[in-house]
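Welcome, and please load the model in your viewer before reading on. We will go from stop to stop, with something to select at each one.

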Amino acid sequence: FGGKARQTLVAETRVSARSTDAFGVPLRRFLRGEIDTKVEASGGARGFDRVTVNADLQSAMLVFEDGRVLKPEGVPGTISMDIGLPDDAPVLKIDRLQLSTPMANIEGNARFTPAGGLIDLDLPRFWLEDIADFSLRVTPTDDQLRVSVIGSMMDASGLIDPMLNYRPGGG
């Protein structure tokens, strides 16, 4: 990290839900199995300013929080992200996010404050087989959150069913 030359650090590893927990990324509810992952961090004299993550999801199962399977083990899939870590602004930028499997395709970008606050989110492609097909944009204003959803379908039963079946006192 001396001088003006860019440096690159490359790491390849097999990641599990347990190992992501160790890095503060709670994937335990959504991931079963292991993911072959390549991480490339690059930067100059001030440190890393860009991280690229590419993961092969074929040997893992992805599940929804309610246990429904999004991607079975053995089915091909990838996830990739380009993350900007600018030192001149207090922003974490996901410049490119892409999840691709035969059952899901999600593409977009987002910006967050260092504390995790959402600056903006843009997912021009959000497709989950038989569940959703739309684009989503979220932009906070001073006192409200502006959400724009445009698309052809969204199965909201996972949200509505628990509300309709709620019984006070657990009964």
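Is Asp 49 buried, partly exposed or exposed? Select Asp 49 and you will find that this residue is partly exposed, with a relative accessible area of 30%. Do keep in mind along the way that this is a predicted model.

**Stop 1: salt bridges**

Stay with Asp 49 and add Arg 6 to the selection. The two form a salt bridge, and their closest N and O atoms are 2.8 Å apart. Asp 49 lies in strand β3 (residues 47-56) and Arg 6 in the segment before β1, so the pair ties together parts that are 43 residues apart in sequence. Arg 6 counts as partly exposed too, at 49% relative accessibility.

Side chains of opposite charge can pair when their charged atoms come close. The model has 12 salt bridges, and a few more of them deserve a visit.

Next, pick Asp 21 and Arg 28. This salt bridge has its closest N and O atoms 2.4 Å apart. Asp 21 is partly exposed, with a relative accessible area of 30%, and Arg 28 is partly exposed at 46%.

Now select Arg 137 together with Asp 122. The closest N and O atoms of this salt bridge are 3.1 Å apart. The pair links distant parts of the chain, with Arg 137 in strand β10 and Asp 122 in strand β9, 15 residues apart. Arg 137 counts as partly exposed, at 45% relative accessibility.

To finish this stop, show Arg 14, Glu 34 and Asp 36 as sticks. Salt bridges that share partners join these three residues into one network.

**Stop 2: strand β9 and the loop after it**

Which strand holds Asp 120? Colour residues 118-128, which make up β9, and Asp 120 will be among them. The side chain of Asp 120 makes a polar contact of 2.7 Å with the side chain of Arg 111. Leaving out residues up to four places away in sequence, Asp 120 touches Ala 110, Arg 111, Val 138 and Pro 140.

Move along the chain to Asp 130, in the loop between β9 and β10 (132-140). Check the backbone torsion here: phi is positive, about 65°, although Asp 130 is not a glycine. Asp 130 is exposed, with a relative accessible area of 63%.

**Stop 3: the nonpolar cores**

Which residues have the most contacts inside the largest nonpolar core? Select Phe 126 and Leu 128, which hold that place in a core of 20 residues. Strands β2 (31-44), β4 (60-63), β8 (104-112), β9 and β10 each supply at least two residues of this core. The largest share, 4 residues, comes from β10.

Centre the view on Phe 126 and show what surrounds it. Apart from neighbours within four places in sequence, Phe 126 is in contact with Asn 105, Ile 106, Ala 132, Asp 133 and Phe 134. A second, separate core has 5 residues, including Ala 41, Val 51, Val 53 and Ile 94.

Zoom in on Val 51 from that second core. Val 51 sits in strand β3 and counts as buried, at 16% relative accessibility. Measure from its C-alpha atom to that of Asp 82: the two are separated by 5.9 Å, with their positions 31 residues apart along the chain. Beyond four places in sequence, Val 51 touches Val 39, Glu 40, Ala 41, Met 81, Asp 82, Ile 83 and Leu 85.

**Stop 4: the end of strand β7**

Is Thr 101 buried or exposed? Thr 101 is buried, with a relative accessible area of 9%. This residue belongs to strand β7 (residues 92-101). Show the backbone of Met 103 as well, and you will see its nitrogen 3.0 Å from a polar atom of the Thr 101 side chain. Not counting residues up to four places away in sequence, Thr 101 touches Leu 57, Lys 71, Pro 76 and Gly 77.

**Stop 5: a nonpolar surface patch**

For the last stop, switch on the surface and select Leu 9, Phe 48, Leu 85 and Leu 92. Together these residues make a nonpolar surface patch of about 310 Å². Leu 9 is found in strand β1 (residues 7-16). You have already met Leu 85, one of the residues that Val 51 touches.

Conventions: Residues numbered from 1 in each chain as written. Predicted model: local features only at pLDDT ≥ 70, side-chain atom pairs only at ≥ 80, totals over all residues. Heavy atoms only, no water. Polar contact = N/O pair within 3.5 Å; in protein donor to acceptor, adjacent residues only side chain to side chain. Contact = heavy atoms within 4.5 Å. Patch = residues over 30% accessible without salt bridge, like charges linked within 9 Å, V, L, I, M, F, W, Y side chains within 5 Å. Areas by Shrake-Rupley, 256 points an atom, 1.4 Å probe, with all protein chains shown as cover. Salt bridge = Lys/Arg side-chain N within 4 Å of Asp/Glu carboxyl O. Buried < 20%, exposed > 50% of the residue type's maximum accessible area, 1.4 Å probe, protein only. Core = buried A, V, L, I, M, F, W, Y, C linked by side-chain atoms within 4.5 Å.
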